[in-house]
Amino acid sequence: MTPGAGRTARPLDEVDRQIVAELVRDGRMSIRTLAERVHVSRTNAYARVERLLRDGVITGFRAQVAPEQAGLGTSAYVALKIEQNTWREVSAQLARVRYIEHAALLGGDHDVLALVRAPDNAALRDVVLGQVQSIAGVLSTRTWLVFEEFDGTRPPWV
């Protein structure tokens, strides 16, 4: 299903939330292990995971990478102000910029917030000053360096 297609997703029940939490912790776990951990049959666990995938609750499985250990030692949030009605064009261009991990359209003082993970400050400077600021529709940028990061202790679906 396409996000925002007008259909409200059904709320997750307690077992669904447990399944999601377990798979977030270890997306490679077997259905058998998952079923044991959430105290349901393998058939039930398999059917629930299939439904969560089909409904778009679970969008995929991937490895989590530590940026610094992968050679991306500089991280920054870059806020953009863009011309009105240029989001589609700007986002298409941002998606092509190497080292942009994530971008989001915002409401507020800035229009777009992008997370950049680059090897060093020189690469970050090139991303922001050389690439992002040259995108048609980008009016200005503001950059905040990330000194340290952590994940929240309790995901909201648990």
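Let me start with the sheet, which is open and has four strands in the order β2-β3-β1-β4, paired in antiparallel fashion. The edge strands are β2 and β4, each of which pairs on one side only, and from one strand to the next the twist averages 20°. Please keep in mind throughout that what we have on the screen is a predicted model.

As a reminder, strands of a sheet pair through backbone hydrogen bonds, and that pairing may be parallel or antiparallel. Taking the pairs here one at a time, β1 and β4 run antiparallel and are joined by eight bridges, while β1 and β3, also antiparallel, are joined by seven bridges. A residue that lets you see both of these pairings is V78, which stands opposite T143 in β4 and opposite A114 in β3. The remaining pair is β2 with β3, where five bridges join strands that again run antiparallel, and there H102 has L115 in β3 as its bridge partner.

If you follow the chain through the hairpin of β2 and β3, you pass six residues between the strands, and in that hairpin G108 takes a positive phi near 135°. How many of the seven residues of β3 are buried? Six of them are, so to speak, out of view, and the strand can fairly be described as mostly covered.

That brings me to what packs on the sheet, and here I would turn to helix α5, residues 121-131, whose buried residues are A123, L124, V127 and V128. Those residues cover an arc of only 125° around the axis, which means that they sit on the same side of α5. Which strands do the buried residues of α5 pack against? The answer is β1 (74-82), β2 (100-105), β3 (112-118) and β4 (138-146). At the start of the helix there is also a polar detail that I would point out, in that a side-chain oxygen of D120 reaches to within 3.2 Å of the backbone nitrogen of A122.

Let me stay with A123 for a moment, since this residue in helix α5 gives a specific picture of the packing. Its relative accessible area is 15%, and with the cut-off for buried at under 20%, A123 counts as buried. Leaving aside residues up to four places away in sequence, A123 touches Y99 and A118. The C-alpha atoms of A123 and R98 are separated by 9.8 Å, although the two residues are 25 residues apart along the chain.

Before leaving this part of the chain, I would mention T86, which lies in the loop between β1 and α4 (87-94). Is this loop residue buried or exposed, given a relative accessible area of 12%? T86 is buried, and its side chain reaches the backbone oxygen of E83 at 2.6 Å.

Now to the helices that come earlier in the chain. Two packed helices are described by the angle between their axes and the distance between the axes, and I will give both for two pairs. Helix α1, residues 14-25, and helix α3, residues 42-54, pack at an angle of about 80°, with their axes 11 Å apart, and they are therefore roughly perpendicular to each other. The residues that meet there are V15, D16, I19, V20 and L23 in α1, and R48, V49, R51 and L52 in α3.

For the other pair, the axes of α2 and α3 come within 8 Å and cross at roughly 105°, which makes α2 roughly perpendicular to α3 as well. On the α2 side the residues involved are I31, R32, L34 and A35, and they meet R42, A45, Y46 and V49 in α3. You will notice that V49 appears in the contacts with α1 and again in those with α2.

Finally, within helix α2 itself, residues 31-38, the buried residues are L34, A35 and V38. They cover an arc of only 100° around the axis, and this places them on the same side of α2. What covers these buried residues includes α1 and α3. Just after α2, H39 takes a positive phi of about 60°, and with that residue I will stop and take your comments.

Notes
Residues are numbered from 1 along each chain as its sequence is written. This is a predicted model: local features need pLDDT of at least 70, side-chain atom pairs count only at pLDDT 80 or more; totals for chains, interfaces and linings use all residues. Side-chain values use heavy atoms; hydrogens and water are left out. Buried means under 20% relative accessible area, exposed over 50%, partly exposed in between (1.4 Å probe, protein chains only). Helices (H or I, at least four residues) and strands (E, at least two) are DSSP runs, numbered from the N terminus. The arc is that of the directions from the helix axis to the C-beta atoms. Contact means heavy atoms within 4.5 Å. A polar contact is a pair of N or O atoms within 3.5 Å; within protein, one must be able to donate a hydrogen and the other to accept it, and residues adjacent in sequence count only if both atoms are side-chain atoms. Two strands pair if DSSP finds at least two bridges between them. Axes are lines fitted to C-alpha atoms, for helices over the stretch in contact, and angles run from 0 to 180 degrees between N-to-C directions. Angles under 35 degrees count as roughly parallel, over 145 as roughly antiparallel, 65 to 115 as roughly perpendicular and the rest as oblique.
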